[in-house]
Amino acid sequence: MPKVVFTRPDYEIVTHYLFVWSQKLVSEAKKNKWTVTDLRKSQATIAKFTAAVGKTSPALILLHGHGNYSSISGHNGKVIIQAGQNENILKNAVTYAFSCQTAKELGTAAVEAGAKSYIGYNEDFIFFQTEGMEKSPASDKRAAKFMEPALEVSTSLLAKKPPKEAFRKSQKAFRKNIDSLISSNSKEVYLVRYLLWDKNHQVCLIKNSKTAAIDT
Amino acid sequence: MKTSLKIIRLVIARLEVWPEDAKLAIVGLGTFNKKELITHVKKGTDVGRKIVEIELEYLKSLKKGILYA
C-alpha cells in the first residue's frame, strides 16, 4: 500500500481550524488504502516527521500549519522543514503544503532537491471564520468556502490523481465558490476578493515546470 | 487627496460592510475582526498592508475582467 504522512498541529485557533478540517482526510486516506502516519497535535515535530519519512518513504506528504517563504512549522510554530537545511526530506514525494507562502522558496528548493511535486501557496493563505464557531470549525460555513477548495488538492491526491489534476480541481473549486457568491445576493460577497487571492497564489511546482493559477 | 490616502479610505469602506461576526484568519498571523483590521490599515502595520495589497489585486482583477470571464 502507498504511504502518506500528515502533519497536523493544533495549538491555537488557526491551526485548530486546519486540524479539524483535515481530520476527514485521514479517514479518506484509510478508505483509499493508504498506510497513514498522522503526526497530530504535539506529534508534529521535526524529530517525529524526520523519523516517519525515513521509516516509510511516503509517496505523499500532506503538511498543515504556519509557514513563511522558506519554512513550514509544526507544533507550537517550531520549524519542521527549512529551505537550505532539510528540504531534501521531500525527495521523491508528492507534497501539498496547506500553509502560507512556502511555495515561494521552500517549494522551489524541494523540487530542485528531487521532490516529485510541491503544491502550495506563494503568499499568505487567507480564510474566514465566524465568531462563536471556534468550538465547531467543521460547521462554520464561512470557513467552508475556503477550506473545501483548498482541501480539494488533498482529496484528489489521496484519490491517486496526478498533482496537476489535483491542482486544477482545486482551482475550479475556488472558482465555483467565487462564481456562486458573485451570482447571488449574498451578504458574503465581500469574501470574493480573498477567495480570488488564495486561488491566484496557489501554485503547482514540478521540476522544470510551474503551473500557476488558472482562469477556469 | 493623495492616492495612498484614497486607497486606504476605499479599503476601510470595504471592511465596514463586513458582518460583525466575520473574522479573517491568516495562517501565521492570527485572526482579526473588522474593527481590528481597520485599525491595522490605518496604522499601516504588516497586516494592514496585506489587506491593502489584497484589495488592490482584486481591483486589478476586476479591471482585467477575470471575474466575468
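Two strands pair if DSSP finds at least two bridges between them. That rule underlies the description below of a predicted model, beginning with a sheet that draws on both chains.

**A sheet shared by two chains**

Three strands form an open sheet in the order β8(A)-β1(B)-β2(B), and their pairing is antiparallel. The edges are taken by β8 (126-130) of chain A and β2 (30-32) of chain B; each has a single partner strand, so one side of each is left without a neighbour in the sheet. On average, neighbouring strands here are turned by 30° against each other, direction ignored.

The link between the chains in this sheet is the pairing of β8(A) with strand β1 (residues 22-26) of chain B, where five bridges join the antiparallel strands. Within that pairing, A:F127 is opposite B:A25 of β1(B). Helix α1 (residues 13-31) of chain A packs on the sheet and touches β8 of chain A as well as β1 and β2 of chain B. The direction of helix α1 of chain A makes about 105° with that of β2(B).

**The contact between the chains**

Across the whole contact, 26 residues of chain A meet 24 residues of chain B. On the chain B side, β1, β2 and α3 each supply at least two of the residues that touch chain A. The largest share there is that of α3(B), with six residues. Sorted by class, the side of chain B that touches chain A has 13 nonpolar, five polar and six charged residues.

Which helix of chain A crosses helix α3 (residues 46-64) of chain B at roughly 90°? The helix is α6 (residues 192-200) of chain A, and the two axes come within 9 Å. At that angle α6(A) is roughly perpendicular to α3(B), because angles of 65 to 115 degrees count as such. The residues of α6(A) that take part are A:R193, A:Y194, A:L196 and A:W197, and they meet B:I54, B:E55, B:E57, B:Y58 and B:S61 of α3(B). By class, this helix contact has five nonpolar, one polar and three charged residues.

**A buried strand in chain A**

Is strand β7 (residues 117-121) of chain A largely enclosed or largely open? Five of the five residues of β7(A) are buried, so the strand is largely enclosed by the rest of the structure. In a regular strand the side chains alternate between the two faces of the sheet. Both faces of β7(A) are covered: A:S117, A:I119 and A:Y121 are buried on one side, and A:Y118 and A:G120 are buried on the other.

The pairings of β7(A) run in two senses. With β6(A) the pairing is parallel and has three bridges, and A:Y96 stands opposite A:I119 of β7(A). With strand β9 (residues 202-206) of chain A the pairing is antiparallel and has four bridges; there A:V203 in β9(A) is the bridge partner of A:G120. Helix α3 (residues 103-112) of chain A joins β6(A) and β7(A) in a right-handed β-α-β unit.

**Loop residues in chain A**

The loop between α3 and β7 of chain A holds A:A113. Leaving out residues up to four places away in sequence, A:A113 touches A:E87, A:N88 and A:K91. A:A113 and A:Q101 are twelve residues apart in sequence, and their C-alpha atoms are 19 Å apart in space.

Two asparagines in other loops have a positive phi, in each case in a residue other than glycine: phi is near 55° for A:N76 and near 70° for A:N92. A:N76 is in the loop between β4 (71-73) and β5 (79-82) of chain A. A:N92 is in the loop between β5 and β6 (94-98) of chain A.

The table sets out how exposed these loop residues are.

| Residue | C-beta neighbours within 10 Å | Class |
|---|---|---|
| A:N76 | 13 | partly exposed |
| A:N92 | 11 | exposed |
| A:A113 | 15 | partly exposed |

The classes follow from the counts, because a residue is exposed if 12 or fewer other C-beta atoms lie within 10 Å of its own, and buried if 20 or more do. With 11 neighbours, A:N92 therefore counts as exposed. A:N76, with 13, is partly exposed, and A:A113, with 15, is also partly exposed.

Definitions and conventions:
Residues numbered from 1 in each chain as written. Chains lettered and ligands numbered in written order. Predicted model: local features only at pLDDT ≥ 70, side-chain atom pairs only at ≥ 80, totals over all residues. Axes fitted to C-alpha atoms, helices over the stretch in contact; angles between N-to-C directions. Contact = placed C-beta atoms within 7 Å. Right-handed = clockwise from strand over helix to strand, strands pointing away. Parallel < 35°, antiparallel > 145°, perpendicular 65-115°, else oblique. Nonpolar A, V, L, I, M, F, W, Y, C, P; charged D, E, K, R; others polar.
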